[in-house]
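Please look over the sequence and the structure below, and then read the short report that follows.

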Amino acid sequence: MLDPRYLHGAPVFKEEPRILVQAVLDNPDDGMSPGDVARAYRIELRLVTAVRHFAKSQRLAHSF
């Protein structure tokens, strides 16, 4: 059974285009701003900022 929330087992954005969430998280490490990432992947800036905020909150919640 196919699940549209995943691509090869990795989570993707629900909205088109289906971009890997991890790709968006990795790009700031390469020096790209959130706006640069949104333009490069043709996704809304709100998606970039939301996933970065969520990832940051999870790291803080799971740090010891």
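In helix 2 of this predicted model, the residues Gly-35, Val-37 and Ala-38 are buried. Because these residues cover an arc of only 160° around the axis, they lie on the same side of helix 2. On the other side of helix 2, by contrast, Arg-39 and Ala-40 are exposed. Just after helix 2 comes Arg-42, which takes a positive phi of about 55°.

Two of the buried residues of helix 2, Val-37 and Ala-38, also belong to the largest nonpolar core, a set of 10 residues that further includes Phe-13, Ile-19, Val-21, Val-24, Ile-43, Leu-47, Val-48 and Val-51. The three helices in the table each supply at least two residues of this core, and its largest share, 3 residues, comes from helix 3.

| Helix | Residue range |
|---|---|
| Helix 1 | residues 21-26 |
| Helix 2 | residues 34-41 |
| Helix 3 | residues 45-62 |

Which residues is Val-24 in contact with, leaving aside its neighbours within four places in sequence? Val-24 is in contact with Phe-13, Ile-19, Val-37, Tyr-41, Ile-43, Val-48 and Val-51.

Turning to the protein as a whole, there are 3 helices and 2 strands, and from the N terminus on these elements run in the order β-β-α-α-α. Of its 64 residues, 22% count as buried, while the accessible surface comes to about 5,100 Å², with 58% of that area belonging to carbon and sulfur atoms. Among the contacts between residues at least 6 apart in sequence, 31% join residues that are at least 24 apart.

Technical notes. Residues are numbered from 1 along each chain as its sequence is written. This is a predicted model: local features need pLDDT of at least 70, side-chain atom pairs count only at pLDDT 80 or more; totals for chains, interfaces and linings use all residues. Side-chain values use heavy atoms; hydrogens and water are left out. Helices (H or I, at least four residues) and strands (E, at least two) are DSSP runs, numbered from the N terminus. Buried means under 20% relative accessible area, exposed over 50%, partly exposed in between (1.4 Å probe, protein chains only). Contact means heavy atoms within 4.5 Å. Accessible areas come from the Shrake-Rupley method with a 1.4 Å probe; for residues, only the protein chains shown count as cover. A nonpolar core is a set of buried Ala, Val, Leu, Ile, Met, Phe, Trp, Tyr and Cys residues joined through side-chain atoms within 4.5 Å. The arc is that of the directions from the helix axis to the C-beta atoms.
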